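Thanks for making the time this morning. I would like to walk through one structure with you, going from its cysteines to one glutamine and then to its nonpolar cores.

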Amino acid sequence: MEKANNAEQSDASHLANLKRLAYFAAVVETGSFTAAAERLGITKAVVSQQVARLEREFRTTLLTRTTRRVTVTDAGKAFHERCALILKEAHDAFDALGEGATEPSGTLRLTAPLDYGITTIVPAITEFTRRFPQCKVDAVLSDQSLDLMSGQVELAIRVGWLTDLSVQARQIGSFRQLLVAAPSWQGQVAGFKTPQDMVQLPFVANTVLREPARWSFSRGELERQSVTVRAVISMDATLAVREAVRYGAGLSVLPDYAVAEDLAAGRLVQVLPEWALPSGGIHAVFPTARFRPAKVRAFVDLLQETAAGAARLGRLL
């Protein structure tokens with residue numbers, strides 16, 4: 001009997017702490033106890049008391065309070081990251097119960113790089129909302145990677161080479177890097193035999209890349225050649241680099257998904273097509289969680305279809 005009572009007391013304590021997680025997270029996310037209380041529909045005094053009790057029980061200062069503002073401590077920031085994941089998974093679980101775990105619905109929050117976002121994600125979003133009219137999409141297209149632990153997004157598309165092997169990821173496709181130029185340069189590049197020949201021409205560098213002026217080429221299994229180009233223009237956006245190349249500013253290396261239509265239409269030409277550059281992966285990356293909503297699974301499946309179609313087009317180039 002005593003063990004049963006202890007278990008009930010423990011369950012009640014955990015339930016109370018789960019509520020306090022929501023109170024604490026609301027304060028962090030809104031920046032004040034007043035705004036948190038308004039969001040939660042309770043009094044400011046209750047929020048303040050419950051957060052203070054959470055701190056007392058665990059003997060940790062999560063927030064520093066002044067008359068003007070609330071500041072999150074380092075311990076509070078680390079704790080909030082975990083809280084956001086717990087609360088989001090609980091929210092998604094309740095959504096699934098209410099809407100049906102197998103039917104995509106609700107708002108999908110995702111992020112993707114600007115260039116891949118415009119060329120591939122936007123068409124995929126359009127098709128997704130057509131297939132699943134009960135879904136909405138909130139997309140952030142930016143070359144600045146959003147923190148998946150923040151709880152702001154449910155899905156991130158990463159293009160390139162994954163450096164964090166601890167994340168949950170699914171490869172949905174791949175891309176080739178192509179050396180391209182405007183047709184006006186065709187006469188000068190027609191006689192190129194090796195990548196070293198390209199250093200004599202101006203190059204448009206993409207500063208989003210780690211080494212925008214150095215490139216490694218290969219031909220077959222044995223031939224390798226690395227070159228350092230002469231960058232006359234440097235830009236921090238892939239699509240801006242593409243436009244500069246189309247206007248004849250010089251050569252550049254661009255991903256196949258960004259130049260496929262221009263190559264097919266003759267607005268760009270591929271230079272040294274027999275020499276290959278390293279290929280990269282396209283991954284769907286998820287926050288650490290056991291539960292993955294149907295809307296996320298459905299969008300990733302659709303995106304994999306889109307990537308497969310783009311790959312078939314790329315092989316025709």
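**Cysteines, a glutamine and two cores**

Let me start with the cysteines: in this model, which is a predicted one, there are zero disulfides. Two cysteines can still be placed by their accessibility, since C83 has a relative accessibility of 1% and therefore counts as buried, and C135, at 5%, counts as buried because the cut-off for that class is under 20% relative accessible area.

Now to Q168, which sits in strand β6, the run covering residues 168–175. Is Q168 buried, exposed or partly exposed? With a relative accessible area of 26%, Q168 is partly exposed. Its side chain makes a polar contact of 2.7 Å with the side chain of R292, and although Q168 and A284 are 116 residues apart along the chain, their C-alpha atoms are separated by 8.5 Å.

That brings me to the interior. In soluble globular proteins, nonpolar side chains tend to be buried together. Here the largest nonpolar core has 36 residues, and those touching the most other members are I121, F128, L155, I157, V180, V259 and F299. Helix α9, residues 294–316, supplies the largest share of this core, namely seven residues.

If we take V180 and leave aside its neighbours within four places in sequence, its contacts include V245, L251, L254, V259, L263 and V271, and among them are also G250, S252 and Q270. Finally, there is a second, separate core of 21 residues, and F192, M198, L201 and F217 are included in it.

Key
Residues numbered from 1 in each chain as written. Predicted model: local features only at pLDDT ≥ 70, side-chain atom pairs only at ≥ 80, totals over all residues. Heavy atoms only, no water. Disulfide = S-S within 2.5 Å. Buried < 20%, exposed > 50% of the residue type's maximum accessible area, 1.4 Å probe, protein only. Helix = DSSP H or I, 4+ residues; strand = E, 2+ residues; numbered from the N terminus. Polar contact = N/O pair within 3.5 Å; in protein donor to acceptor, adjacent residues only side chain to side chain. Core = buried A, V, L, I, M, F, W, Y, C linked by side-chain atoms within 4.5 Å. Contact = heavy atoms within 4.5 Å.
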